[in-house]
Amino acid sequence: MIHIRREDEIDLIRESALMVTATLTEVAKMLRPGIATKALDTMAEQFIRDHGGIPSFKGYGGFPASLCISVNEVVVHGFPSDYELRDGDIISVDCGFYRNGYHGDHAYTFAIGNVAPEVLDMMRITKESLQRGILQARAHNRIGDISCAIENLCYTEHGYGVVRELVGHGVGKDLHEDPQVPNYGRRGEGKKLKEKMVLAIEPMINLGVKEVITLDDGWTVVTADGKPSCHYEHTTVVRRNGGEALSQFAPIEAAERANPELHTGHLLPLSEASLA
Ligand code: MG
Ligand code: MG
C-alpha cells in the first residue's frame, strides 16, 4: 500500500533525510586518495549514532555496514572495505538514517582527483535527471512521468545505460515501501501520485550498457561491461506543483568545493560543460 503522510510525519522524515545529508557532507570532507572505504563507514556509523539515529542499512537483509560504498563499475550496494581510493576513482555513497520512527534515504557520487571528462559528464547528467524526476513528482502525475523524465535525459538524449533491475521506492516508516519508482518508463503510466506521498527517487546510470551483474556476495551490483556507474538519490515528497526534496545536495557540494582532493567538474552548469 502507498502511504499518504501527515505534515508532522513529513517533518520527521525531513529530519532523518537531512541527517543523511549531514553524514554525506562529513564523508565529503574525508575523501582523498589513500583512504580505505571502511574508514568512511566507521565515521558514518559513529556520526549517525552520535545524533540519536540508527543506520538504516546496517543489518537490513543482512547488509553488513552503515554505508553502501560503490566504486567505479560498482553500481550500488558495495561493501565498505580495505580498498583505498585512488586518483581517478568515482565513489557512490548511499546512506539511510532512522530516528523517531522514520527513515531518510539519500545518495551521492563523488569524483576523486583526475576523473575522466566523460565520467564527470555522466555524473552531472545523472544529477540533472534526478532534478527533472523530482519536478515530475507532483500530484495527479503518475510514476511513469518521473521515470520517463529520467530515462529521456539519460538514455534518449545521452545514450547512457539506465539500470532496470534496481529502482526507487516509497520511504517512511520502512526503508523500502510501495510504490516502486523505476528510472525508465512511459509518461502517463503507472500509479497516480498524490500529495504527501514520500518517494526515494534515485537514478542509477551507467556510462556503458544498462546490464548489471550481482556478485557472489549477493549484494554488490556491477556493470556488465565494467564501465563506471553513478547514483544520486533524494528523499522527495510529492507536492501540488512538483516534488520537494527533503534531503539536500547544497551542503555536500559546499564540502566538495572545499576539499582539494575532489574534482568538482561535475558541478559545472550544463551550458559550460558542453563547451569543454
Ligand atoms: Mg539509498
Ligand atoms: Mg533508496
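Colleague: In this predicted model, how far apart are the magnesium ion (ligand 1) and the magnesium ion (ligand 2), and which residue coordinates both?

Modeller: The two ions, ligand 1 and ligand 2, have a coordinating residue in common, and the distance from one ion to the other is given together with it. The separation is 3.1 Å, and the residue that coordinates both is aspartate 105.

Colleague: Which protein donors does the magnesium ion (ligand 1) have, and what spacing do they follow along the chain?

Modeller: The donors Asp94 (OD), Asp94 (OD), Asp105 (OD) and Glu233 (OE) lie 2.0 to 2.5 Å from the magnesium ion (ligand 1). Aspartate 94 belongs to strand β4 (residues 90-99) and aspartate 105 to strand β5, 11 residues apart, and the pair links distant parts of the chain. Along the chain, the donors of this ion follow the spacing D-x10-D-x127-E.

Colleague: Are aspartate 94 and aspartate 105 buried or exposed?

Modeller: A residue counts as buried when its relative accessible area is under 20%. Aspartate 94 has 7% relative accessibility, and aspartate 105 has 2%. Both values are under that cut-off, so aspartate 94 and aspartate 105 count as buried.

Colleague: Which residues coordinate the magnesium ion (ligand 2)?

Modeller: The coordinating atoms are placed at 2.1 to 2.2 Å from the magnesium ion (ligand 2), and in sequence the donor residues are spaced D-x63-H-x32-E-x30-E. With their atoms, these residues are Asp105 (OD), His169 (NE2), Glu202 (OE) and Glu233 (OE).

Colleague: Why does the pair histidine 169 and glutamate 233 tie together parts of the chain, and how many residues apart are those parts?

Modeller: Histidine 169 is found in strand β7 (residues 168-170), whereas glutamate 233 is in the loop between β13 (229-231) and β14. Histidine 169 counts as buried at 5% relative accessibility, and glutamate 233 counts as buried at 0%. Because the two residues sit in these two places, the pair ties together parts whose separation in sequence is 64 residues.

Colleague: What is the order of the strands in the open sheet?

Modeller: The sheet has 5 strands with antiparallel pairing, and its edge strands, each pairing on one side only, are β8 (177-181) and β15 (244-245). Between β7 and β8 there are 3 bridges, one of which has glycine 170 opposite glutamate 177 in β8, and a hairpin through 6 residues joins the two strands. Strand β9 (residues 198-201) pairs with strand β14 (residues 234-237) over 4 bridges, and valine 198 stands opposite valine 237 in β14. The order is β8-β7-β9-β14-β15.

Colleague: Which strands does helix α1 lie across, and at what angle does this helix run to β14?

Modeller: Helix α1 (residues 7-30) lies across β9, β14 and β15. Helix α3 (residues 117-135) also packs on the sheet, touching β9, β14 and β15, and its direction makes about 15° with that of β14. For helix α1, lying across β9, β14 and β15, the angle to β14 is about 165°.

Colleague: Why are the buried residues of α5 on the same side of the helix, and what arc do they cover?

Modeller: In helix α5 (residues 250-258), the buried residues are Ile252, Glu253, Ala255 and Glu256, and what covers them includes α1, β5 (102-111) and α3. The face turned away from this buried side carries the exposed residues Ala250, Arg257 and Ala258. An α-helix has 3.6 residues a turn, so residues three or four places apart point the same way. The buried residues are on the same side of α5 because the arc they cover around the axis is only 160°.

Terms used: Residues are numbered from 1 along each chain as its sequence is written. Chains are lettered from A and ligands numbered from 1 in the order in which they are written. This is a predicted model: local features need pLDDT of at least 70, side-chain atom pairs count only at pLDDT 80 or more; totals for chains, interfaces and linings use all residues. Side-chain values use heavy atoms; hydrogens and water are left out. Two strands pair if DSSP finds at least two bridges between them. Contact means heavy atoms within 4.5 Å. Axes are lines fitted to C-alpha atoms, for helices over the stretch in contact, and angles run from 0 to 180 degrees between N-to-C directions. Buried means under 20% relative accessible area, exposed over 50%, partly exposed in between (1.4 Å probe, protein chains only). The arc is that of the directions from the helix axis to the C-beta atoms. Donors are N, O and S atoms within 2.8 Å of the metal (3.2 Å for Na, K and Ca); water is not among the atoms, so sites may look incomplete.
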